[in-house]
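Me: I'd like to learn how to read a fold from its contacts and strand pairings. Can we work through one together?

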Amino acid sequence: MPRSSFLNSTFSLGLLLLIWQLTAFIINSPVLPSPMLVFNNLIDAIQTGELLQHLGITLYRLTISFFLAMFLGTAIGLILGQHKSLNVFFDSWLIILLNVPALVTIILCYIWFGLVETAAIIAVVVNKLPNVIVTIREGARDLDNQLMEMAKAYQFSRYKTLFHVILPQLYPYIMASARTGLALIWKIVLVVEMLGRSDGMGFQIHLFFQLFDITSIMAYTVSFIIVIQLIEVAILKPLDQRSQRWK
Amino acid sequence: MSQLVVDIKKKSFPKGESREEFTAIENLAFELSSNEFVCLIGPSGCGKTTLLNVIAGLDGDFDGSINSNNSHHTVPPSYVFQSPRLLPWRTVLENIQLAIGDNHSLALIKKTLQHLGLSDNLHSYPNHLSLGMQRRVSLARAFCVPSDLLLMDEPFVSLDQAIARKARELLLSLWREQPRTILFVTHDLDEAYKLADRILFLSNAPSNIIDDIKITLPRSERSENKTRAFKEKLRTNHPAIQEFL
């Protein structure tokens, strides 16, 4: 990141904190704790080990459902994008899936599969899957026919065609759905945990809600946002840069 | 011995949403001998690219037969397309290696690239090269594939004169070093005369062969004057191909 834009975002974040602090000061009520209180609470939660335990289990669920949704979504999206008749047939299924509220899928999964880990993961995957499929399908429709012909003329194997010709073309679409996916999935994981698990960030936040412990709710949220930002900066950004070398 | 025997009874495209059924090729037959350089010349839209795609095996939907006596039985013809068609996310070396398959020889690739003046670009990405260089990479890729037959679809079109001339010279010298049968599509008679052992003339669609002219004069002696004389001769003796002159 160039120096000026780094300064810029630091300034903008600082301004946000300042507004929060001022509002908390003016309202002066337990409903809106000040940033300092939240920060102290966060440190406490880390020191007792409670936060890290719940954060860990949530990240574990997030990782598994993220990769499952990305893998299945890419495969299905690629097939639908390349086969017009299949796409026409399954298009209505996709539209239905896209429009089922997340809450409904989660409740149905818990009813059908029981209050178990598998149900939680399936519920998250089912929620994210249609978005991945739709994004990848757009990319698969636009595959460069000339390169596909070249691959055929030089008798590329299916493996070679997939990994050297098709997937690099889908890369921007995969990255786009990974980014939106991460943001969507962690929100859904929290709801899933709140409704049917006895650990994880969602469960904890629900507990704090019942105890009316707003400071803890905010501390947990801040910790999670920091982790998601770290994933963006440490994994997604470098991946993006690496893949742009040829441009 | 014939390297390639082409006998296409009919190749047509079915009626589509926005067009009528279209017959691209009808009763087209010719043979190429081993290591012969043949240029195929025809008006635009006459089905030259369709013909190459059929011979390359990219389009199997036609009546007739294509027989090639390839010494490497499993290797299809190599193909130089009109645009370079390199994978932009792979380096020059990787592009060539992918086309050749598993048992490629790095020495041969390096030698071929050196021959084409691309020694320094082994690890460059195609987008960092000029169009002329990309075309040479696509030529190198085709020559590195151990195929006896090379199909070329107007590979030097839209290059400026000097670069195209240089590319033709490189093609000929590479061909002398690694001989193979070449079928070279062009719409430029001067280009065909400079390159070919034989020129086949195609009619408008549905295309067939309307003339087949052998050139015996050595390539080194094919000067501008000789080209003019060649065209003059065609004008008087070959009434069927006047539109190409």
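Me: How many residues does each chain put into the contact?

Reply: The general idea is that two residues are in contact if their C-beta atoms, placed from the backbone, lie within 7 Å. Here chain B supplies 16 residues and chain A supplies 15. On the chain B side, 12 are nonpolar, two polar and two charged. In that count, Ala, Val, Leu, Ile, Met, Phe, Trp, Tyr, Cys and Pro are nonpolar, Asp, Glu, Lys and Arg are charged, and the others, Gly among them, are polar. Bear in mind that this is a predicted model, where local features need pLDDT of at least 70 and side-chain atom pairs count only at pLDDT 80 or more, while totals for chains, interfaces and linings use all residues. As for labels, residues are numbered from 1 along each chain as its sequence is written, and chains are lettered from A and ligands numbered from 1 in the order in which they are written.

Me: Okay, what does the radius of gyration say about chain B?

Reply: You take it over C-alpha atoms and hold it against a globule rule, 2.2 Å times the number of residues to the power 0.38. For 245 residues a compact globule would come out near 18 Å, and chain B agrees because its value is 18 Å. Its C-alpha trace spans about 50 × 50 × 40 Å along the principal axes.

Me: And which helices and strands should I look for, or rather, how many are there in chain B?

Reply: Those are DSSP runs numbered from the N terminus: helices are H or I with at least four residues, strands are E with at least two. Chain B has seven helices and nine strands.

Me: In what order do the strands of the open sheet run?

Reply: Work from pairs: two strands pair if DSSP finds at least two bridges between them. In chain B the three-strand open sheet reads β2-β1-β4, paired antiparallel. Its edges are β2 and β4, each pairing on one side only. β1(B), residues 2-13, shares 10 bridges with β2(B), residues 22-33; V5(B) with E31(B) is one bridge pair, and L4(B) with L32(B) is another. Towards β4(B), residues 63-68, there are six bridges, including V6(B) to I66(B).

Me: What lies across those strands, and at what angle to β1(B)?

Reply: Angles run from 0 to 180 degrees between N-to-C directions, with axes fitted as lines to C-alpha atoms, for helices over the stretch in contact. Helix α1(B), residues 48-56, lies across β1, β2 and β4 of chain B and runs at about 120 degrees to β1(B).
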